[in-house]
Amino acid sequence: MGLALDEARRAVATGDVPVGAVVLGPDGDVVSRGRNVREATDDPTGHAEVIALRAASDRLGRWRLDDCTLVVTLEPCLMCAGATVLARIPRLVLGAWDPKAGACGSQWDVVRDRRLNHRVEVVGGVRADECGLLLQRFFETHRDGHVVR
């Protein structure tokens, strides 16, 4: 989670919401990293999880990441939860829960939906206070009219 938090902090430099992700291989080594880049790239799919999953697939030369773990600082949204299922990720480790838009147990539970062909084990709340505080500070600064760079 520490590496994912490092990625989240890097997202702030481009004005992106501080969310970071890391894909770990079966041996626990880092396969890829990602952070939110929607503001930096004007890409609506530029979420940390999507960036990390794409990079892992590129590095491993396959789309099935069925021996990897996705670690992310914030509970994935619908798009990212769907991408996690489609990548056949077996385990998701998340930091802060997202009660407004989370799709891994909060608002929806896409990753464990029995109607889909793959389900993901979810380990939630890892360093949740630290992950949540990073987001809270970011949004407080933006609400006050300041831009975090």
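## Exercises on a predicted model

The unreviewed UniProt entry places the feature "active site" at Glu 49. The structure examined here is a predicted model. Its chain averages a pLDDT of 96, and 96% of the residues score at least 70.

### Exercise 1

Determine in which element Glu 49 is found, whether Glu 49 is buried or exposed, and which residues Glu 49 contacts beyond its neighbours within four places in sequence.

Solution. Step 1: Glu 49 is found in helix 3. Step 2: a residue counts as buried under 20% relative accessible area. The relative accessible area of Glu 49 is 4%, so Glu 49 is buried. Step 3: with neighbours within four places left aside, Glu 49 is in contact with Ala 21, Leu 70, Val 72, Leu 74, Pro 76 and Cys 80.

### Exercise 2

Check whether the end-to-end distance of helix 3 agrees or disagrees with its number of residues, and state what covers the buried residues of helix 3.

Solution. Step 1: the expected span is 1.5 Å times one less than the number of residues. Step 2: helix 3 has 13 residues and should therefore span 18 Å; its end C-alpha atoms are 18 Å apart, which agrees. Step 3: the buried residues of helix 3 are Ala 48, Glu 49, Val 50, Ala 52, Leu 53, Ala 56 and Ser 57. Step 4: their cover includes strand 1, strand 2 (30-35), strand 3 and helix 4. Step 5: just after helix 3, Gly 61 takes a positive phi of about 75°.

### Exercise 3

Identify the buried residues of helix 4 and the elements they pack against.

Solution. Step 1: Cys 80, Ala 81, Gly 82, Thr 84 and Val 85 are buried in helix 4. Step 2: the buried residues of this helix pack against helix 3 and strand 3. Step 3: Arg 88, just after helix 4, has a positive phi of about 65°.

### Exercise 4

Describe the largest nonpolar core and the contacts of Leu 65.

Solution. Step 1: in soluble globular proteins, nonpolar side chains tend to be buried together. Step 2: the largest nonpolar core here has 39 residues, and those with the most contacts inside it are Met 1, Val 19, Val 23, Leu 65, Ile 89, Leu 92 and Val 111. Step 3: among the elements that each supply at least two residues of this core are helix 1 (2-11), strand 4 (91-96) and helix 5 (128-143). Step 4: not counting residues up to four places away in sequence, Leu 65 touches Leu 53, Ala 56, Ser 57, Leu 60, Ala 87, Arg 88, Ile 89 and Pro 90.

### Exercise 5

State how many disulfides the structure holds, and explain why Cys 131 is not bonded to Cys 104.

Solution. Step 1: the structure holds zero disulfides. Step 2: Cys 68 is in no disulfide, and the nearest cysteine sulfur, that of Cys 80, is 17 Å away. Step 3: a disulfide requires two cysteine sulfur atoms within 2.5 Å. The closest cysteine sulfur to that of Cys 131 is in Cys 104, 14 Å away, and is therefore too far for a bond. Step 4: Cys 68 is buried, at 1% relative accessibility, and Cys 131 is also buried, with a relative accessible area of 1%.

### Exercise 6

Locate Val 17 and establish whether Val 17 is buried or exposed.

Solution. Step 1: Val 17 lies in the loop between helix 1 and strand 1. Step 2: its relative accessibility is 19%, so Val 17 counts as buried. Step 3: beyond its neighbours within four places in sequence, Val 17 is in contact with Ala 11, Asn 36, Leu 135, Phe 138 and Phe 139.

Conventions:
Residues numbered from 1 in each chain as written. Predicted model: local features only at pLDDT ≥ 70, side-chain atom pairs only at ≥ 80, totals over all residues. Heavy atoms only, no water. Core = buried A, V, L, I, M, F, W, Y, C linked by side-chain atoms within 4.5 Å. Buried < 20%, exposed > 50% of the residue type's maximum accessible area, 1.4 Å probe, protein only. Helix = DSSP H or I, 4+ residues; strand = E, 2+ residues; numbered from the N terminus. Contact = heavy atoms within 4.5 Å. UniProt positions renumbered as here; feature names shortened; annotations may be inferred. pLDDT = per-residue confidence, 0-100.
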